2 protein chains.
Amino acid sequence: MFCAPTFHNKEQSAAGGREKGYIMINETYKEMLGKKSVIRQLSEFATARGKEIGYENVYDYSLGNPSVPVPEEFTKAMIEMLEQDSPMALHGYSPSLGNPEFKQAVADSLNRRFGMNYKASHIFPTSGAAGAIAHALRAITKPGDEVIVFAPFFPEYIPYVTGTGAEIVVVPADTKAFQINFDKFEELLTDKVKAVLINSPNNPTGIVYSEETVKRLADILRKKSQEFGYNIYLVSDEPYREILFAGVECPYPSKYYDYTLSCYSFSKSLSLPGERIGYVAANPADPDSETIVNMCGQISRGTGHNCPASIIQQACAKVIDMTSDLSVYETNMNILYKELTALGFEVVKPGGTFYIFPKALEEDSIAFCNKALKYDLVLVPADSFACPGYFRMAYCIDTDKVERSIAALKRFVKEEYGR
Amino acid sequence: MFCAPTFHNKEQSAAGGREKGYIMINETYKEMLGKKSVIRQLSEFATARGKEIGYENVYDYSLGNPSVPVPEEFTKAMIEMLEQDSPMALHGYSPSLGNPEFKQAVADSLNRRFGMNYKASHIFPTSGAAGAIAHALRAITKPGDEVIVFAPFFPEYIPYVTGTGAEIVVVPADTKAFQINFDKFEELLTDKVKAVLINSPNNPTGIVYSEETVKRLADILRKKSQEFGYNIYLVSDEPYREILFAGVECPYPSKYYDYTLSCYSFSKSLSLPGERIGYVAANPADPDSETIVNMCGQISRGTGHNCPASIIQQACAKVIDMTSDLSVYETNMNILYKELTALGFEVVKPGGTFYIFPKALEEDSIAFCNKALKYDLVLVPADSFACPGYFRMAYCIDTDKVERSIAALKRFVKEEYGR
């Protein structure tokens, strides 16, 4: 009936290699073309299958695309500005370091919420968290340096890191709790490492780092920084910071470690991933923090990225502390967590995001996810998150569909694994 | 009364050097911080002086910031979408190669206007022309390659080129007509050159390349491509394409040379520079054109830039063939051209843009522009455009101010140069 996608196991090697030969066009980028993202393949499968049987019947857990609308206040603010403001002020160039009102609104909000001391000059507006991480890493690494990430991790970290010329070093997963495998971390934290990249609440696990984890991480970074004679930077990717479930607190990493560059996106909290707006916030306790923000402005010149759209910066400033109604994600998580556990899946309960990360029912999670497609269940094998044997479900979909998917999940598990 | 800015003559060397040592943060970018753009310094001077005497009394010809509003139809389209469209469709992720309707609208418009055969798949949406040039150059060069530019040129070309790791090679100006100095060009066009970057209508001269110039350029590129055994790319920076004065035609370079990547921005034609929207259009006659567009998508992953804002792409698609009322620029040019010539300035009449580029009245154009500041005339010395001895006036200001500035200009010329 349908053709299952072929997964590439070696996707992660795609982005490396800066010194390849070439003829007419840059072979490094050309080579990347062959390696289609597994997530994108699955999403394309889901769309194609939807055309056959109706998309409402495809249990598409592949994409992390917010399923709830932007707050009405954002839309109202946009319309009001378009109706009343001078078009030149609204659509004119932002200063090269970003719209001052937006920067001030971000600083004030972070100070209020996390007891920080940011000024506008510590905030650099970017094209989403992607732009934030790419800028932060360029500011603090040079080609040949190492950047540590923790498995499982978002596969786009690879081009962000290798795009700077640095190398990515992967700490194997702590599959018990999906906190940090500290033994392996300390082993890999050599004096070639200039930055450590974390993501809590986490994509793909949905896990939030505990205060204990963040404190221990900060202690190690301080100790090793002293030993190495330079400050190791913590790059904290925080697009899911606002999607937290009942009773879960998410420690703000910069509060625990001064040399933190917090990378944020409004994509998930305000449900506007297409508008490409986020920021880097450099901790004022770092004497280089304002220099780093200024450097980000210089980095933008070379990549041609510049500021996020002016009107979007201005509108976000007006709704800075708001979020979309994010409650559906917790509802969906509770349904899935209960059913998955009942079906015998090994799974750690998410503390936030819209992801859950169970262990597959066979060692080969690619085979597992391929079998699931027969039941119109689109699950993402965790091989591309550097954590084979697991799979990710992105439950940013209607609760009704989550509920209907349970029957398919039960049939899949029974027919394929006899449970 | 005021403190004149100090100009840095060596600004152009700022962006080079990839292999500098560093301690904690990347020294290449840190070093760039010291070198403030002359244009920005002058603009800051104008703002500060405006606070003293009223900005209406500062004849600020420093910045190329459009002075006319966006077309009403753009504002209406934005409001209509915000009121009627699904927020998820409006603000959701664009596909990684851009919004399909925007790409199709661009392709159709270029085909209609220039007799081309673009499909949506030949168009890559970018963050303005800056993003377009940065992506195009990354696709077709590798570190160590050379990219040719023609003096005088927009100083941001330096970070765009050096940001890819390529080296910039400057062809000296044809100061007679500000077309192309072909003798010098052929001399510098060695087999290290992988791309040639042009800009017509031109910033800073306001000059439009004649059809003869474009044809001759194309002929040389074809001849040399054959000789070298690879296709030299023409990267054509075209943000001023729509600002043309009476009787002037601007040949579309891609029509004359297949291996052209046209880099566009809606900044000037629609007066929305802050919204950061433009594109790369790859000529379908180049067998690699679609590959290059796909490569741009991969390049974006590493720089973290991704697409321009989703709502801006959708709104631009709806007003694709419109422009702001650009007639004020021609009015201003005619006033300035007449008065400058009457005052004895040597100046080539602009064919478009909102720039004019006269020869200074002394050899040292920095000294000349510093003297002009005493008369509240903010002129930009062309040293940073690699054309010392000249200066740029950006006349994207009210006609009233242009008229009032003439008295100051006359006083300046009389008191300082006795004319």
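Two residues are in contact if their C-beta atoms, placed from the backbone, lie within 7 Å. This is a predicted model, where local features need pLDDT of at least 70 and side-chain atom pairs count only at pLDDT 80 or more, while totals for chains, interfaces and linings use all residues. Residues are numbered from 1 along each chain as its sequence is written, and chains are lettered from A, with ligands numbered from 1, in the order in which they are written.

**Exercise 1. Work out how many residues of chain B and chain A take part in their contact, and how the copies are related.**

Step 1: count. Chain B gives 66 residues, and chain A gives 66 residues.

Step 2: sort. On the side of chain B that touches chain A, 32 residues are nonpolar, 25 polar and 9 charged. Here Ala, Val, Leu, Ile, Met, Phe, Trp, Tyr, Cys and Pro count as nonpolar, Asp, Glu, Lys and Arg as charged, and the others, Gly among them, as polar.

Step 3: superpose. A turn of 180° and a shift of 0.0 Å along the axis lay chain B on chain A with an RMSD of 0.0 Å, using least squares on the C-alpha atoms of residues with pLDDT of at least 70 in both. The two copies are thus related as by a two-fold rotation axis.

Step 4: compare surfaces. Of the interface residues of chain B, 100% are also interface residues in chain A, so the copies meet through the same surface.

**Exercise 2. Describe how α5(A) and α12(A) pack.**

Step 1: find them. Helix α5 covers residues 100-114 of chain A and helix α12 covers residues 310-318 of chain A; helices (H or I, at least four residues) and strands (E, at least two) are DSSP runs, numbered from the N terminus.

Step 2: take the geometry. The angle is about 35°, and the axes are 8 Å apart. Axes are lines fitted to C-alpha atoms, for helices over the stretch in contact, and angles run from 0 to 180 degrees between N-to-C directions.

Step 3: name the residues. A:Glu101, A:Phe102 and A:Ala105 of α5(A) meet A:Gln313, A:Gln314, A:Cys316 and A:Ala317 of α12(A).

**Exercise 3. Is A:Pro172 buried, exposed or partly exposed?**

Step 1: place it. A:Pro172 sits in the loop between β4 (167-171) and α8 (182-188) of chain A.

Step 2: apply the cut-offs. Buried takes 20 or more other C-beta atoms within 10 Å of the residue's own, exposed 12 or fewer, and partly exposed is in between, with C-beta atoms placed from the backbone. A:Pro172 has 15 C-beta neighbours inside 10 Å, so A:Pro172 is partly exposed.
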